[in-house]
Amino acid sequence: MSASRPILIVEDDPALRATLAEQLMAEGGFLPHEAESAAEAEAKLADADARFDAVLLDVGLPDGDGRELCARLRRGGKNMPVIMLTGADGELDVVRGLDSGANDYIAKPFRLPELLARMRAQLRTFDNSEHAAFGIGPYVFRPSAKLLHDAARGRKIRLTDKETAILKFLYRADGKPMPRQVLLDEVWGYNSAVTTHTLETHMYRLRQKIEANPGSPTLLRTVMGGYILDRATTQFPRSPAGGTPRPLHQQAGERSVPGRDE
Ligand code: CA
């Protein structure tokens, strides 16, 4: 049930755009969206209900320069990875592309595996950055801020270091059950003398904080031998914008949720 990561492909060449979308879809793990112009891309990125984990951005667009579009996105606070697709691989183009705030560039014609490798590398880096935010049930989870934010209810939950580490680790388990011992080793370290009782205590407190009904948890569930984070579960009524699982990086970064950065 691992959700696909939405990627925006901004490319005016219809054949290349379709190929990229098709290949990303076939690759699995990605949900491609398409825009054929800078204006269409900006409209899609400005949609408060949309989220894109990364942008593949052509330099030469019919209504503008991709590098300028990238610079505008950065100024607008969007910090998801942007990979420029450049026609010319001259050094000047490269430098200008990176100056505009792009994370990487790839010159056409490129091989798809190389593009995918670069995109995955950028997504990995981003997931570990201070900007990273992930969807868990009704919350946006921001590990660097040690915060869960339920925007629909205007509710913020502060987490301890250990609670943050537990959620982060369970999130990365990608919906797979995590044995108690593995969780203990990952969160407390291999040489710690901490017992599963300590872990259970932390789980208890975490459920009190995040579950609608801590007695019958729907997010942090106990399974045979360990725990599972059901991050796609929606336990509260949501606005139509809600209920989407999986990373919400740029969404968390761009939505002007009141008090988000307090
Ligand atoms: Ca073009």
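Which residues is Arg207 in contact with, leaving aside its neighbours within four places in sequence? They are Pro214, Pro217, Leu220, Arg221, Thr222 and Tyr227. The close-ups below come from a predicted model.

**Figure 1. Arg207 is a buried charge without a salt bridge.** Arg207 lies in helix α8, which covers residues 196-210. The side chain of opposite charge nearest to Arg207 belongs to Glu211. That side chain is 5.0 Å away. A salt bridge needs a nitrogen within 4 Å of a carboxyl oxygen, so this pair does not count as one. Arg207 still has company: its contacts beyond four places in sequence include Pro214, Pro217 and Tyr227.

**Figure 2. Tyr204 sits on the same helix named for Arg207, α8.** Tyr204 is exposed, with a relative accessible area of 54%. Arg207, by contrast, is buried. Tyr204 and Leu220 are 16 residues apart in sequence. In space, their C-alpha atoms are 9.7 Å apart. Leu220 is also one of the residues in contact with Arg207.

**Figure 3. The largest nonpolar core holds 26 residues.** Seven names stand out for having the most contacts inside this core: Leu148, Ile166, Leu170, Leu183, Leu199, Met203 and Ile210. Several elements build the core, each supplying at least two residues. The helices among them are α6 (161-172), α7 (180-188) and α8. The strands among them are β8 (134-136), β9 (139-142) and β14 (226-229). Take Leu199 as an example. Leaving out residues up to four places away in sequence, Leu199 touches Ile166, Arg180, Leu183, Leu184, Trp188 and Tyr227. A second core is separate and has 19 residues. Val10, Phe52, Val55 and Ala102 are among them.

**Figure 4. Three residues donate to the calcium ion.** Asp12 and Asp58 each donate through OD, and Gly60 donates through O. These donors lie 2.2 to 2.3 Å from the ion. Along the sequence, the donor residues follow the spacing D-x45-D-x1-G. How buried or exposed are Asp58 and Gly60? Asp58 is buried, with a relative accessible area of 4%. Gly60 is partly exposed, at 44%.

**Figure 5. Lys108 forms salt bridges with Glu11 and with Asp58.** The N to O distance is 3.0 Å for Glu11 and Lys108. For Asp58 and Lys108, the N to O distance is 2.9 Å. Both pairs link distant parts of the chain. Glu11 sits in the loop between β1 (5-10) and α1 (14-27). Lys108 sits in the loop between β7 (104-107) and α5 (112-127). Glu11 and Lys108 are 97 residues apart. Asp58 is in strand β3 (residues 54-58), 50 residues from Lys108. Glu11 is buried, at 1% relative accessibility. Lys108 is partly exposed, with a relative accessible area of 26%. Asp58 also appears among the calcium donors.

**Figure 6. Asp161 and Lys146 meet in a salt bridge.** Their closest N and O atoms are 2.7 Å apart. Asp161 lies in helix α6, while Lys146 lies in the loop between β9 and β10 (147-150). The pair therefore ties together parts that are 15 residues apart in sequence. Asp161 is exposed, at 52% relative accessibility. Lys146 is partly exposed, at 31%.

**Figure 7. Arg5, Asp53 and Asp127 share a network of salt bridges.** Side chains of opposite charge can pair when their charged atoms come close. A search of the whole structure finds 16 salt bridges.

**Figure 8. Confidence drops over residues 234-262.** In this stretch, pLDDT stays under 50. The model has 81 contacts for the stretch beyond four places in sequence. Where pLDDT is low, the predicted coordinates should not be read in detail. For the protein, the average pLDDT is 83, and 84% of the residues score at least 70.

**Figure 9. The protein has nine helices and 14 strands.** Of its 262 residues, 47% are buried. Consider the contacts with a separation of 6 or more: 62% of them join residues 24 or more positions apart.

Terms used:
Residues numbered from 1 in each chain as written. Predicted model: local features only at pLDDT ≥ 70, side-chain atom pairs only at ≥ 80, totals over all residues. Heavy atoms only, no water. Helix = DSSP H or I, 4+ residues; strand = E, 2+ residues; numbered from the N terminus. Buried < 20%, exposed > 50% of the residue type's maximum accessible area, 1.4 Å probe, protein only. Lys, Arg positive; Asp, Glu negative; His and termini not counted. Contact = heavy atoms within 4.5 Å. pLDDT = per-residue confidence, 0-100. Core = buried A, V, L, I, M, F, W, Y, C linked by side-chain atoms within 4.5 Å. Donors = N, O, S within 2.8 Å, 3.2 Å for Na, K, Ca; no water.
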